[in-house]
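Let's look at this structure together and ask how each label is earned. Keep the picture open while you read.

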Amino acid sequence: MSFEQMWRDLAPVGRSQRSGGYHRSPFGSAERECAAWFEEECARRSLALTRDGNGNLVAWWRPDASVDGGVVTGSHLDSVADGGAYDGPLGVLSALAAVDLLRERSFVPVKPIGIAAFVEEEGSRFGVACLGSRLMTGALDPQRAAELTDGEGVFLPDAMSQAGLDPELGRSDLLDGVDCFVELHVEQGRELARHQDAPIGVGSAIWPHSRSRFDFTGEANHAGTTGMEERHDPMLTYAMTALAANKQARLAGARATFGRVDVRPNATNAVPSHVTAWLDARSETEGGLAAMTQDITRMATERAARDGTRVSVTEESLSGAVRFDPELASRIAARQDGTSRPVIATMAGHDAGVLAAAGIPAAMLFVRNPTGVSHSPEEFAEMADCQAGVVALADTLQRLAS
Ligand code: GLV
Ligand code: MN
Ligand code: MN
């Protein structure tokens, strides 16, 4: 089946009629439909499916005479709330299409080729970015993971069981002994479109990234009868913190975003009692990330003292700086005509970064995104560039699995 046909098949799954964005929450019905679709496509190609107790899948093309190890590609099928079509699925569909192309070329891999689909890459439901690959590599304590809840208070293992899975959280041998992992992903910036004028790029590094929960506590009261001087309003402390985060990130050439807020009691005519807000922070260096988060925390604490509120900050996930294997990156960047694809850094997190941190040589291919917009219904890549991505991935797998 062609890449375009697969793209059309998956396009309606989890798509909002209203916004055109995707709601493929991990272990929810749309994401499970995508996973079932992936399993069917693997079966259609006689790929041997393996799974772990975290919900991650790897499907293997393992010719009889193939040696140990392997070259794995793939990405994720979940989306952020109201996300784009490309972030995640592009890597999985391109992997299937690349295997088809290699077979059309009558290529027989010496090393097995695997296609991976990791769960909860976005951390949109349980808060921890790259949850599936972190659990698989042992980077996340399974006990801590078992205690994670979603916005409705559902525990991770219960969500998995409700989705028909058999949870056994923790380190798994799904990728033990593999030679390398290559993730193809839509670019989430405009480096390829604006500066390089190239459809495909290769990843060099990922910025360090943290997520922290800010719990602001005040005192609920009547919006009409409570004088402005009498209030202990955590919304004000939060509002100043969001402005401070923006300013600190600008000053540091970094990124800081409050994109999710939970207010209690969430009533128009009540001063709130609690505001919980999540800070997504990214910086070029780990030191810069820590310093910026400390500055934002200090400013929130100082403001809370003035507002008569309290604030506590809990780090929910931390991803260190990733530098992809430069030798692997330059091998992948090299075109057959002797020229080289652009090699670019990204500020977005990826399973490839988690695997690299766990010692698996990893690399990324990026497909040009003309607007750079991502985590939005507007996310886009031209079909011709997606097709170029499939060819680049097939060439890469052929080179690495020979
Ligand atoms: C994932 O896309 C992230 O960077 O948060
Ligand atoms: Mn992604
Ligand atoms: Mn994403």
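**Ligand 1, two metals and a strand**

The shell around ligand 1 has 1 nonpolar, 4 polar and 3 charged residues. This is a predicted model, where local features need pLDDT of at least 70, side-chain atom pairs count only at pLDDT 80 or more, and totals for chains, interfaces and linings use all residues. Residues are numbered from 1 along each chain as its sequence is written, chains are lettered from A and ligands numbered from 1 in the order in which they are written, and side-chain values use heavy atoms, with hydrogens and water left out.

Q: Which residues are around ligand 1, and what makes a residue count as near?
A: A residue is near if one of its heavy atoms lies within 4 Å of the molecule. Around ligand 1 these are D87, E122, Q188, H209, R282, A348, G349 and H375.

Q: What makes the pair between R282 and ligand 1 a polar contact?
A: A polar contact is a pair of N or O atoms within 3.5 Å. An N or O atom in the R282 side chain is 2.8 Å from an oxygen atom of ligand 1, so the pair fits that definition. The side chain of E122 also has an N or O atom 3.2 Å from a ligand 1 oxygen, while G349 brings a backbone N or O atom to 2.7 Å. The protein covers 95% of the 190 Å² of accessible area that ligand 1 has on its own; such areas come from the Shrake-Rupley method with a 1.4 Å probe.

Q: Why are H76, D87 and H185 called donors of the manganese ion (ligand 2)?
A: Donors are N, O and S atoms within 2.8 Å of the metal (3.2 Å for Na, K and Ca). H76 (NE2), D87 (OD) and H185 (NE2) coordinate this ion at 2.0 to 2.2 Å, so these atoms qualify. Water is not among the atoms, so the site may look incomplete. D87 also coordinates the manganese ion (ligand 3), and the two ions are 3.7 Å apart.

Q: Why does the pair D87 and H185 tie together parts far along the sequence?
A: D87 lies in the loop between β3 (71-76) and α3 (89-104) and H185 in strand β5 (residues 180-186), so the parts tied together are 98 residues apart in sequence. Strands are DSSP runs (E, at least two residues), as are helices (H or I, at least four), numbered from the N terminus.

Q: How do you know that β5 is mostly covered?
A: Buried means under 20% relative accessible area (exposed is over 50%, partly exposed in between; 1.4 Å probe, protein chains only). In β5, 7 of its 7 residues are buried.

Key: Polar contact = N/O pair within 3.5 Å; in protein donor to acceptor, adjacent residues only side chain to side chain. Nonpolar A, V, L, I, M, F, W, Y, C, P; charged D, E, K, R; others polar.
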